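Subject: Structure handover: pockets, cavities and ligand

Hello,

Here is the structure for your next round of work. Please open it first, then read the notes below.

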Amino acid sequence: MTDQPSISPGGAPDWRDGVIYQVYPRSFADHDGNGVGDLSGIIDHLDHFGPEGLPIEAIWLSPIYPSPGRDLGYDVSDHTKVDPLLGAEADFDRLVAESHRRGIKVILDLVMNHTSDEHPWFVASRASREGPYADFYLWRDPSGWDDEGQPRPPNNWVSFFGGPGWEWVPARRQFYYHTFLVGQPELNWRNPAVEAAQWDMVRGWLARGVDGFRLDVFNAFLKDPELRSNPVLEGGNSPWNRLDHRYDLDQPDFPDLIERFRAIVDEQPGRMTIGELFSRETALAAKYARDHHIVFDWSLMESPWTATAFAAAMDLREETFGPDRWPTMALSNHDRERQATRLSTSVARDREPDRDAIAKAAAVVVFAVRGTAFLYYGEEIGMVDVDIPREEIVDPPALLAGPDFPWYDRSRCRTPMQWTDGPHAGFTTGRPWIRVAPDAHERNVAREATDPDSVFATYRRLLAFRRTAGALQRGLMRRLDSGDPDVLAWLRGSGDEALLVVVSFVGEERAIDVGSIAPGSWAGRVGTHRQPSTVDAGGVLRLRPDEAVILARTGA
Ligand code: NOJ
């Protein structure tokens, strides 16, 4: 392992090996006091990522484009502009300049699978079967008519967000397809004019200095040319999961399409992309990943906090990606339960979980597993999901949830960033668009910054260490048998540098015989605790409850 070369392939920009921080702009910081976070608010807080804060390589902004907001920005009505709710065009250019001045890259979230139904392309397309936009969306004739004279949908496709996938438009006497909301019509990527318009838009953002893109549900862009019905599966827990998505996802010509996109991004050196895989198959993530065009897989994000589950997911990833493909590493995002909540509620039933302790151990995992690490805003202070009363839910599919359509209300993980113990957690001087977490008085950046044992202090130590550790940034990874079923251990190696990571998944002390699993002498460098545990003279590492530690070799 120690002799392994760096695996950063030639040409991959260094920041691929770093940490990317996801900002949900509406919830990060509100500068103008209207209750909604904005671009100037992000600029106000860029020092959060400076020497006194979190050393990260890039920020990824969830969509910033004009949008009616039905899917809170993932329903875009103009991909080339900034939503006035979030700021002016000049604010965006200032955000890029100010970020770059601090050495931070800026990644935009591109939503190219669909638009809003208020996008001018769709408004024109819906009005007529003639004209330049007539074929910009997936329009189809009915497959027939029922006894009451109602049109039957063209095939059996459904919406991921609940309900039918086809919407009838009397003006065209045709249906259009939408994987998501009725207000998010699917673009027709088989129309070359759609592709050309998208690439123009991409070039426009690159020209404004954007460093990379996160691609929303990218493997859904292309559909079967004949729009055949999907095979029906037995047993799934929702209409979507009762279909085998053979004809609406992962079409054989998708790899060519995505390479055309990547070629445009690569026209400007040092850029990078991240595909959001709309599938649970890790093998697909590995298949689509190439060099600095990386792809999310969900195996770790969907694992409960047990050593067995994490070991299985890590092994699956390592086997599937192999040494030549580069994975991503994320335990939360704007669609999922926050990691402190999810992981602490997923531990074995016979234990009372210490949420902050688990949040710290999860941070060690995120920064020490091979792959580009992602950090969702608020995780660095251990923010948790917030109970949102039904009348305040702003996530449309959550309102349709029921026994045949289980849905996690995403409002719960999108509450305002907790900056201070002042009004509205220092997020806004106005009325926040979504409620602030009740624990904001104790759990906020200002307070945690003064506490050396806080989640925030732990993140800072881990990130500062990671910056200096080539083995964590780009080293290969090899899992070891720790000898304890509740403790995971793995090696990261790059050049002459080797690091040993040991993570306990239990709230009690454990002793690991490091001498027998990783020969040589090792010393704890950083971890969940201010003073990481270290290996004693007998080669034993005594871990405290929920402790995770990164050790460095101190001799042969
Ligand atoms: C995936 C995004 O992460 C999610 O937030 C969004 O609702 C859907 N794509 C539709 O754009």
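A word on classes first: Ala, Val, Leu, Ile, Met, Phe, Trp, Tyr, Cys and Pro count as nonpolar, Asp, Glu, Lys and Arg as charged, and the others, Gly among them, as polar. By that scheme, the lining of the largest cavity has six nonpolar, two polar and two charged residues. Please keep in mind that this is a predicted model.

**Cavities**

The count comes to five cavities of 30 Å³ or more. The largest cavity holds about 60 Å³ of space. Its lining is made up of Tyr 24, Pro 25, Arg 26, Ser 62, Pro 63, Tyr 65, Leu 72, Gly 73, Asp 83 and Leu 86. The two charged residues there are Arg 26 and Asp 83, because Asp, Glu, Lys and Arg are the charged class. Ser 62 and Gly 73 make up the polar pair, since residues outside the nonpolar and charged classes count as polar.

The second largest cavity has a volume of about 50 Å³. Around this second cavity are Gln 339, Ala 363, Val 366, Phe 367, Phe 374, Leu 375, Tyr 376, Glu 379 and Tyr 459. Helix 10 (355–368) supplies at least two of these lining residues, and so does strand 13 (372–376). The split by class is seven nonpolar, one polar and one charged.

**Ligand site**

Where does the ligand sit? It is in the largest pocket. Around the ligand there are 14 residues, and Asp 71, Asp 216, His 334, Asp 335 and Arg 410 come nearest. By class, this shell has four nonpolar, three polar and seven charged residues.

Three aspartates have a polar side-chain atom paired with an oxygen atom of the ligand:

- Asp 335: 2.5 Å from a ligand oxygen to a side-chain N or O atom.
- Asp 71: 2.6 Å, again from a ligand oxygen to an N or O atom of the side chain.
- Asp 216: 2.8 Å between a polar side-chain atom and a ligand oxygen.

On its own, the ligand has 300 Å² of accessible area, and the protein covers 97% of it.

**Pockets**

The largest pocket contains about 1,400 Å³ of space. It is lined by 42 residues, of which Phe 160, Phe 278, Arg 280, Glu 302 and Arg 336 are the closest to its centre. The lining divides into 18 nonpolar, nine polar and 15 charged residues.

The second largest pocket has a volume of about 230 Å³. Among its 17 lining residues, Gly 163, Pro 164, Gly 165, Trp 166 and His 178 lie closest to the centre. Here the classes come to ten nonpolar, six polar and one charged.

Best regards

Key:
Residues numbered from 1 in each chain as written. Predicted model: local features only at pLDDT ≥ 70, side-chain atom pairs only at ≥ 80, totals over all residues. Heavy atoms only, no water. 1 Å grid on protein atoms, 1.4 Å probe; cavity = no way out; pocket = protein on both sides within 12 Å on 5 of 7 lines; lining within 4 Å. Points joined across faces, edges and corners; volume = space filled by probe spheres on them. Helix = DSSP H or I, 4+ residues; strand = E, 2+ residues; numbered from the N terminus. Near = heavy atom within 4 Å. Polar contact = N/O pair within 3.5 Å; in protein donor to acceptor, adjacent residues only side chain to side chain. Areas by Shrake-Rupley, 256 points an atom, 1.4 Å probe, with all protein chains shown as cover. Sits in = over half its atoms within 2 Å of the grid points.
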